[in-house]
Amino acid sequence: MARTVDDALKFCTLVLAEHKKYWLDKQAELKRYKNVYENKFWADHKFDDTMIRVETSDGFSYIEGFISAFFARQPAVVVGADIAASGGDPKLAQAASNRFLYNQREQLEIAARLALIYDYSALKLSPRTSSDMLDKVVIKAVPCWEVVVDRDATGADDQRYIGHNYYITLAQAKQIWGTKKYTAVPKVDYFTSDDKGRLPRSNNSLPDDYLYIEILELYDFVNDEVYFFSPNYHNGQKFLLRDTIPVRTYDDKALAPIVPLFFSRVPSRPFIGLSAMGRVYDQIYEKNVLRTYWANAVRRDSRQYLYKEGLVDEEALAKVTAGIDGAMIGIDNDTLEGVIKAVPVEPISGNFDRYLAYIESDLARGSVLAPFSRGEATKATATEITALAQYSASEIGKMARERDNALENIIITYLRQLVLLADEGETAVLDVEGTAKVLTADDLEGKFRINALDQGSTPLSDAIRKQNLISLLPTLQGLGVAPRAVLEEIVRNYELPKTFLQVDEVRSPAPGPSASDIANIEGGPTTQTTGAEKIASALGVA
């Protein structure tokens, strides 16, 4: 049973209020993670201007180490027909999907980086105006504080709702929903804790492009409705739009255009994410504090002297401090004892070195990457490195599986959106295995099985696979595998030029004289004839 208007408005108001409160409570925490990644660790700390502040780049290298480890050179999917349903053309659907993903690497990388620094992220697919049927959908990475999720859900199929809380300009609002009575507000940055530097609450003298309204785009799966709700339109007492969820799966289930991306989750509540940066923040904090203390201590480690006042005049002190070679300095004293003495400087305790070693050890344990994969030199053996690489590859493979799962859901949504947005009779031309094919909306109207291509293919796993191939070469040859097949596999794995496959057939040399023939040569000298002379004679060489 559908909600009444009042119930639906109350539902949106409560969901938006709960969402804002949850992320407002986490604002300070996420801001610390942001500052660590951006090398602004001391940005919110107050210090004496004379104090030296030192910050390491561990936060940045920690996150980028993950990004580079499971980086996909070219995201793609394999589309196959589902056995339980027919219809559509899997090959055309696959070509359309991979064409769409070809230019989405940047947004996928942004979403992955957001999901590592903060709790999670999402990828949103939105319609746009285009003359090309395949370009009518655009994708965008969304940070976690803009994604409204059902945190009580136990799985993707149990979500009651999912939404997106964002701002659009007043000009865009008028273009989408027409000229209405909006209450323009400044665009609020999530990490801004006060109103300094913001636009006034209402200023009609500013252009529409500098005024905003807040939007909650909420997909209610329980009642199969989508709400476009704004507290800046009729004070939140009316909907900008309320309709049935338009994007449907092949079996007519509601499909939201928002795909969450989680790398770590709370086990009992999978829609509450865990930040990868949060695992090592304390160690980074301690390291920065320690390095800052050392930097200031070293600068105070200077040469200072005490002298007995009255025995050394100003002129003599000037000569001492000038450090002139061969300078003669007169002292009015019988002995030099007690005239001048260096102030002793105590060395920094060795406890600091040991503490830094513990911090580095904790940082290393907080990462699933092996030290050598982060560019650190180790004394590990080849066997240990191989074992560590396989462990790191398996851990990175888990994260790659989450990325691939998001890719598969993106393509499902993309294909269903194309079916909805395509005009009647609209077509597109695709390159399918080197042949131009015409695509229509009917070719996408099917139930497909979608799998991300080359799952778990990372630099680590690539290196392990290449190493295993080389070690298996003697075994393969002993089992009778054709040399041509082995060559093709080597060229493919090592991405060698295809010209390496063009091996000319080598002619077998004509059989020469055997050892017995040479030994039984008749004629010639019978005494003290060298082997070289016999061979030359057998070959007819003078």
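Contact means heavy atoms within 4.5 Å. By this criterion, and leaving aside neighbours within four places in sequence, Asn 35 is in contact with Lys 40, Phe 41, Ala 43, Asp 44 and Glu 55. The structure analysed here is a predicted model. Asn 35 lies in helix 2, which spans residues 27-37. The relative accessibility of Asn 35 is 7%, and the residue counts as buried because this value is under 20%.

Asn 39 is found in the loop between helix 2 and helix 3. Phi of Asn 39 is near 55°, a positive value in a residue other than glycine. With a relative accessible area of 39%, Asn 39 is partly exposed, whereas Asn 35 is buried.

Helix 3 (residues 58-69) packs against helix 5 (residues 105-117), with an angle of about 135° and the axes 10 Å apart. Angles over 145 degrees count as roughly antiparallel and those from 65 to 115 as roughly perpendicular; helix 3 and helix 5 are therefore oblique to each other. Their crossing is right-handed. On the side of helix 3, the residues that meet helix 5 are Ile 63, Glu 64, Phe 66 and Ile 67. Helix 5 contributes Glu 109, Ala 112, Arg 113, Leu 116 and Ile 117 to the contact. By class, the contact of helix 3 with helix 5 has 6 nonpolar and 3 charged residues, and no polar ones.

Leu 116, one of the helix 5 residues that meet helix 3, also belongs to the largest nonpolar core. This core has 101 residues, and those with the most contacts inside it are Leu 30, Phe 70, Phe 100 and Leu 116. Helix 10 (residues 382-421) gives the most to this core, with 11 residues. A second, separate core has 13 residues, among them Val 15, Leu 216, Tyr 227 and Phe 239.

The surroundings of Phe 100 were examined further. When its neighbours within four places in sequence are left aside, Phe 100 is in contact with Leu 125, Val 137 and Ile 139, and also with Ile 410, Ile 411 and Tyr 414.

The loop between strand 7 (225-229) and strand 8 (239-244) holds Gln 237. Asn 235 has its place in the loop between these strands as well. Phi of Asn 235 is near 55°, again a positive value in a residue other than glycine. At 64% relative accessibility, Asn 235 counts as exposed. Gln 237 also counts as exposed, because its relative accessibility of 55% is over the cut-off of 50%. The C-alpha atoms of Gln 237 and Thr 13 are separated by 9.6 Å, although these residues are 224 residues apart along the chain.

A further pair of residues involves helix 12 (residues 459-478), in which Arg 465 lies. The C-alpha atoms of Arg 465 and Asn 493 are separated by 8.2 Å, with their positions 28 residues apart along the chain given as the distance apart. At 38% relative accessibility, Arg 465 counts as partly exposed.

Notes. Residues numbered from 1 in each chain as written. Predicted model: local features only at pLDDT ≥ 70, side-chain atom pairs only at ≥ 80, totals over all residues. Heavy atoms only, no water. Core = buried A, V, L, I, M, F, W, Y, C linked by side-chain atoms within 4.5 Å. Buried < 20%, exposed > 50% of the residue type's maximum accessible area, 1.4 Å probe, protein only. Helix = DSSP H or I, 4+ residues; strand = E, 2+ residues; numbered from the N terminus. Axes fitted to C-alpha atoms, helices over the stretch in contact; angles between N-to-C directions. Parallel < 35°, antiparallel > 145°, perpendicular 65-115°, else oblique. Left-handed = near helix turned anticlockwise from the far one by under 90°. Nonpolar A, V, L, I, M, F, W, Y, C, P; charged D, E, K, R; others polar.
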